[in-house]
Amino acid sequence: MENKFLVHNETTRQKMLEEIGLSSTEELFKSLDAGIRLREDLDLPDPINEIEMKQKLLNLSNSNQSTSKNAYFMGGGCYNKFSPACVSYLTQRSEFLTAYTPYQPEISQGSLQSIYEYQTMICNITGMDLSNAGVYDGAVACSEAMLMACRIKKTSKILIASTINPDYLKVIKSYANANNIEIDLIPLNSTQLNLKALEEFEEGGYAGILVQYPNYFGDIEDMETISQNAKRLNALLITCSDPSALAVLKPPKAFDADIAVGDIQSLGLPMSFGGPHAGYMSTKETYMRQLPGRIVGLTFDKEGKRAYTLTQQAREQHIRREKATSNICSNQALMCLSATIYLSLLGFSGILELEENSIQKAQLLAKKISEIKDFKILNKNYLNEFVVKFPASISVDEFLKQAEYKNIFAGISLEKDFPNMKNCLLVALTELNTLDEIYKYINILKELN
């Protein structure tokens, strides 16, 4: 019996050409310039069967490096964090995994409630009045916060701390370029913001000051002073924070932040080769109508029962071009659901316990590194992430190679993004790092010294 589900053969190709009035495949593509046409066959291996293909792909996948086989001391915005097994189990249920956009509340109460709970938790973490349903990642959250500040202040200038994640800054600059926004960078002083340089900026139409807290180097900025300068400049204060860190730090509200944003990857989301992530955005009630993206609200139906619906903006607002608050017409609902389940399971005490565990391990590793001759920890005040200054006689890149050879991803070299930080390494620890890994790390450093 003829198999109707195989690829086209010469007979079916000819029938298709006849249907559209052509005599050959060559005639079909005659409109393409000869210079871009491939004239020889692709250099492909001979066909193999499904069994052989499966084994080949398995062998390829085994060449990937993973945290199950390697110790992981990298951070910079993506962290190897513990996530209870039921987080991935629940998010893979079909009603969550394949849910359609919840524009019709009468059939989307489950999705809408989960987003509402997520928004509530973000407000609890940041201390802000309200949150949106999430955006694509921390970089987009920062960029949207910049646009939001410019709309509120009706100006097109922004101050950004040089201690922000360099990947975030690249995205911010792309947004700024497309919207004719001028960016002034506040210089850094080692691993912290240069507060004296900040105080020299004069009021000149700045919409806001964007600061990462803790910053990219793991240092905890002096937010009180930064907040005072924001008021002096009549600018909004925008904070970008890892939500896990806010379990032990004062929330953005304590510094009278106007907009609080960040990435929720540390809340139970796997690293997964760099994504997907999700970004959170929260703000004061005063700026509610300038908050981009979806916002889910709680109401009551005619029978007095709790009900959830998208609020504050119509669906069509996202396609109104320059009149729209944002082009964020979707959200990372599945990632936000993961964070919501994670937070529900661990609660504040669980998050605090894990963060304190990470901090203790980071303090231990930093102490041991500082005891090695000519090695220096640059941070003044940090949690689970810090910068190591290597002696001139030892190359950071050489250390990273040696460590990787011994199944350790030892950190991120900073020189590429921060030329002034030559031979410096960004190191991060989480609750998943073990004491054996820490001492193995130290031994490799000692061997190089």
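Just after helix 6 (residues 109–126), G127 adopts a positive phi of about 80 degrees, helices here being DSSP runs of H or I of at least four residues and strands runs of E of at least two, both numbered from the N terminus. The model is a predicted one, in which local features need pLDDT of at least 70 and side-chain atom pairs count only at pLDDT 80 or more, while totals for chains, interfaces and linings use all residues. Residues are numbered from 1 along each chain as its sequence is written, and side-chain values use heavy atoms, with hydrogens and water left out.

Helix 6 itself has 18 residues, which at 1.5 Å a residue should span 26 Å, and its end C-alpha atoms are 26 Å apart, in agreement with that expectation; the expected span is 1.5 Å times one less than the number of residues. The buried residues of this helix (buried meaning under 20% relative accessible area, exposed over 50% and partly exposed in between, with a 1.4 Å probe and protein chains only) are S111, L112, S114, I115, Y118, Q119, M121, I122, C123, I125 and T126. Their cover includes strand 2, strand 9, strand 10 (279–283), strand 11 (296–300), strand 12 (306–310) and helix 11 (333–370), where contact means heavy atoms within 4.5 Å.

Three of these covering elements, strands 2, 9 and 10, recur in an open sheet of seven strands, which has the order 2-10-9-8-7-3-4 and mixed pairing; two strands pair if DSSP finds at least two bridges between them. Strand 2 (130–131) and strand 4 (182–186) stand at the edges with a single partner strand each, so one side of each is left without a neighbour in the sheet. Helix 8 (residues 166–178) packs on the sheet, where it touches strand 3, strand 4, strand 7, strand 8 (236–240) and strand 9 (259–263), and its direction makes about 155 degrees with that of strand 4; axes are lines fitted to C-alpha atoms, for helices over the stretch in contact, and angles run from 0 to 180 degrees between N-to-C directions.

Within the sheet, strand 3 (residues 157–161) and strand 7 (residues 206–212) run parallel and are joined by three bridges, with I160 opposite L210 of strand 7. Strand 10 is joined to strand 2 by two bridges in an antiparallel arrangement, in which L130 stands opposite T283, and to strand 9 by five bridges, again antiparallel, with V261 opposite M281. In a regular strand the side chains alternate between the two faces of the sheet. In strand 10, G279, M281 and T283 point one way and Y280 and S282 the other, and all are buried, so that five of the five residues of this strand are covered.

At the strand 4 edge, I183 is partly exposed, with a relative accessible area of 21%. Residues I183 and S156 are 27 apart in sequence and 8.6 Å apart in space, C-alpha to C-alpha. Not counting residues up to four places away in sequence, I183 touches I158, I160, I172, K173 and A176. S143, in helix 7 (residues 138–153), counts as buried at 0% relative accessibility, and, with neighbours within four places left aside, S143 is in contact with V171, I172 and Y175.

Two packed helices are described by the angle between their axes and the distance between the axes. Helix 11 and helix 13 (residues 435–448) pack at an angle of about 20 degrees with their axes 10 Å apart, and are therefore roughly parallel to each other; angles under 35 degrees count as roughly parallel, over 145 as roughly antiparallel, 65 to 115 as roughly perpendicular and the rest as oblique. The contact is made by K361, L364, L365, K368 and I369 of helix 11 and by L435, I438, Y439, Y441, I442 and L445 of helix 13. The axes of helix 12 (residues 396–405) and helix 13 come within 10 Å and cross at roughly 130 degrees, and these two helices are therefore oblique. Here F399, Q402 and A403 of helix 12 meet Y441, I444, L445 and L448 of helix 13.

Overall, the protein comprises 13 helices and 17 strands, and buried residues make up 48% of its 449 residues.
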